[in-house]
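Biologist: Before we discuss any details, could you show me the model and then take me through how its features are read?

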Amino acid sequence: MFNWIKRKTKQVAEVFNVSAFEDLKQKKEFKIDEPMTLARVRLEGKAKDFGAEKGLKIYNEHRVKIKNQWINPLQSVNSGYGNAQLSVYNYQPVNYYECYALAQDPLFNKIFNILSNTPFANGGQVAGDLTDNEIDLLQTADTRYNVTNTLRKAVRSSFVSGGCLVYMDFGDSVNLEDPLDLAKINMKNFKGFRQIDPLNITAVNVNTTEPAKPDYMKPSMWYVIGLGNVHASHFLIFEENIPELVMRPMCMYLGMPLTTLIKQDIANSNLVSQGLANLVNRFRNLYLQTGSENFTGAGALNFRQRLEAMSLVQDNFSIYPLKDTETIQQFTTSLAGMDEVCEFFYQIIASKTDITLSILLGKGAQGLSGTLEGERKNFYDRIRTIQSEIKQNIIKMYGIVYGAMTDGKFRLFNDYIFNPLEVADEKEKAEQLRSYVEVARSFIEMGVKPEDVLSWLKQYKDFHLDNMDFDVETESLEDYEQLEQGKDDGIKPEEKEVG
């Protein structure tokens with residue numbers, strides 16, 4: 001009547017069904033997904049943010065469109081288009097939380113500071129017919145509206161998270177969903193520039209179906225926490241490491257973060273550095289040969305106390321007695337070449353960022369050819385590339401603040417000229433001036449008018465020739481040669497007959 005004995009049911013592991021796997025492989029589609037941002041989480045979670053209800057409607061239309069079009073072949077690279085072992089090489093959407101966390105690493109932080117500060121280290125100015133008062137006015141506007149500092153932060157964010165948006169805040173005078181026309185708006189209403197990181201935005205309207213149009217894979221509308229739907233023309237876009245078109249959705253249609261691209265190299269350098277530190281701490285090991293009685297019973301306790309005492313007083317002056325049955329063997333690990341191994345990983349980082357090893361580590365190149373000329377040229381080429389990429393944004397920013405400080409009209413400047421990255425010292429300037437004077441002399445010998453030669457020399461601002469007056473009517477090349485000849489003859493110039 002009673003079942004006193006309970007049968008134990010044996011748990012049988014489920015056998016993997018290959019045919020079911022094949023069916024799943026045929027049916028499953030690999031969809032491209034966009035990064036998970038705070039704006040997206042709040043939008044999909046129906047948070048009661050400003051403009052969220054309308055933003056969610058447009059966002060859902062965008063999601064349906066991109067899911068119906070974009071099939072992801074990259075997710076299955078090197079896995080035979082299977083879904084058992086998916087390759088994640090450069091596929092996964094950018095994790096912005098990870099980017100911000102990695103940016104706190106001291107080496108990452110140094111790299112970002114170098115790349116974001118160096119382009120603005122020596123300053124620059126807009127090109128155009130500006131009076132001294134207008135130049136002073138722009139400098140005042142730069143300070144008031146925080147232009148240069150905003151540029152530095154935007155460039156840094158471009159490397160940390162791949163890009164960012166700089167919002168041109170004109171207050172309630174504009175409708176954020178309408179395109180912004182700077183030529184029609186009053187610059188007096190300008191409030192300032194606001195940096196918005198990609199964590200606080202999500203794209204809600206993107207052309208993903210018409211590659212022949214100029215706005216292909218460029219969002220025309222963004223949803224921003226606290227602002228709602230904002231037309232793209234209200235932003236200045238800063239981005240670095242722009243990926244191929246198929247990868248654009250995975251980085252919020254901005255650039256690929258440098259933190260993601262070199263995080264493994266930074267991890268390797270940190271691992272090797274820590275490994276070397278551990279090795280230095282253990283480069284010498286002592287092995288004590290003793291009897292088996294010291295491994296069991298009370299002998300083990302006494303033996304352990306002896307080892308602890310040896311470890312406590314172990315230095316060049318310590319003495320510890322041993323029995324005649326015990327011997328010590330010492331093994332020392334060679335550390336030769338470990339500095340080269342550590343430096344190699346920093347060289348990889350330097351090559352991928354175009355930052356010279358001398359700047360990254362604060363040391364110069366070794367060997368007879370260690371002039372740093374080639375490294376410095378590559379680094380400055382990289383900085384000039386960054387400057388050229390952001391130049392149009394700089395021109396627009398100064399055009400806005402100029403109008404805000406004057407008549408309220410946007411001024412379109414022709415260009416923005418960065419000052420030279422490498423500033424020569426006084427000795428180098430003197431050598432350069434001497435070389436240019438020799439060239440000027442050759443021009444005069446060729447028949448070029450002295451007035452034109454002097455104008456050519458004065459365009460080099462480093463020589464400070466603007467405040468010098470030259471009497472080109474009385475001085476000539478012949479006078480110069482006769483004066484030089486008089487010096488060679490020991491005759492004073494005023495005593496030498498000229499002509």
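Modeller: What follows goes from the overall make-up to a helix, some loops and a strand, and then to the cysteines. Please keep in mind throughout that this is a predicted model.

Biologist: How many helices and strands are there, and what share of the residues is buried?

Modeller: The protein has 15 helices and ten strands, and buried residues account for 34% of its 499 residues. Its exposed area comes to about 31,400 Å², of which carbon and sulfur atoms supply 52%. Turning to contacts, if one takes those between residues at least 6 apart in sequence, 70% of them join residues at least 24 apart.

Biologist: How should I read a helix such as α9, and where do its buried residues fall?

Modeller: One begins with the length and then asks which residues are covered. Helix α9 runs over residues 297-312, and its 16 residues reach 24 Å from the first C-alpha to the last, which is close to the 22 Å expected at 1.5 Å a residue. Its buried residues are Gly299, Phe303, Arg306 and Met310. Viewed down the axis of α9, these buried residues lie within an arc of 60°, so they line one face of the helix. On the other side of α9, the exposed residues are Ala298, Leu301, Arg304, Ser311 and Leu312.

Biologist: And in a loop, what does the side chain of Asn207 reach?

Modeller: For a polar side chain in a loop, one looks at the cover and then at the polar partners. Asn207 sits in the loop between β4 (201-205) and β5 (221-224), and it counts as buried because its relative accessibility is 9%, where the cut-off is under 20%. Its side chain reaches the backbone nitrogen of Glu210 at 3.0 Å, and a polar atom of that side chain also lies 3.2 Å from the backbone nitrogen of Thr209. Beyond its neighbours within four places in sequence, Asn207 is in contact with Lys213, Asp215, Tyr216 and Met217.

Biologist: Is Asn205, which is found in strand β4, buried or partly exposed?

Modeller: Asn205 counts as partly exposed, at 33% relative accessibility. Setting aside residues up to four places away in sequence, Asn205 touches Ile58, Lys65, Pro219, Ser220 and Met221. Asn205 and Tyr223 are 18 residues apart in sequence, with their C-alpha atoms 9.1 Å apart in space.

Biologist: Which residues does Pro243 touch, once those up to four places away in sequence are not counted?

Modeller: The partners are Arg248, Cys251, Leu254, Gly255 and Met256. Pro243 lies in the loop between β7 (235-239) and α8 (258-281), and it is buried, with a relative accessible area of 17%. The C-alpha atoms of Pro243 and Met256 are separated by 6.4 Å, although these residues are 13 apart along the chain.

Biologist: Which residues does Thr356 touch, by the same kind of reading?

Modeller: Thr356, in the loop between α10 (338-353) and α11 (357-361), touches Glu375, Arg376 and Phe379, not counting residues up to four places away in sequence. Thr356 is buried at 5% relative accessibility.

Biologist: Finally, how many disulfides does the structure hold?

Modeller: A disulfide is a covalent bond between the sulfur atoms of two cysteines. The structure holds zero disulfides. As for the cover of individual cysteines, Cys99 is buried at 1% relative accessibility, and Cys251 is buried with a relative accessible area of 0%.

Terms used. Residues numbered from 1 in each chain as written. Predicted model: local features only at pLDDT ≥ 70, side-chain atom pairs only at ≥ 80, totals over all residues. Heavy atoms only, no water. Helix = DSSP H or I, 4+ residues; strand = E, 2+ residues; numbered from the N terminus. Buried < 20%, exposed > 50% of the residue type's maximum accessible area, 1.4 Å probe, protein only. Polar contact = N/O pair within 3.5 Å; in protein donor to acceptor, adjacent residues only side chain to side chain. Contact = heavy atoms within 4.5 Å. Expected span 1.5 Å × (residues − 1). Arc of directions from axis to C-beta. Disulfide = S-S within 2.5 Å. Areas by Shrake-Rupley, 256 points an atom, 1.4 Å probe, with all protein chains shown as cover.
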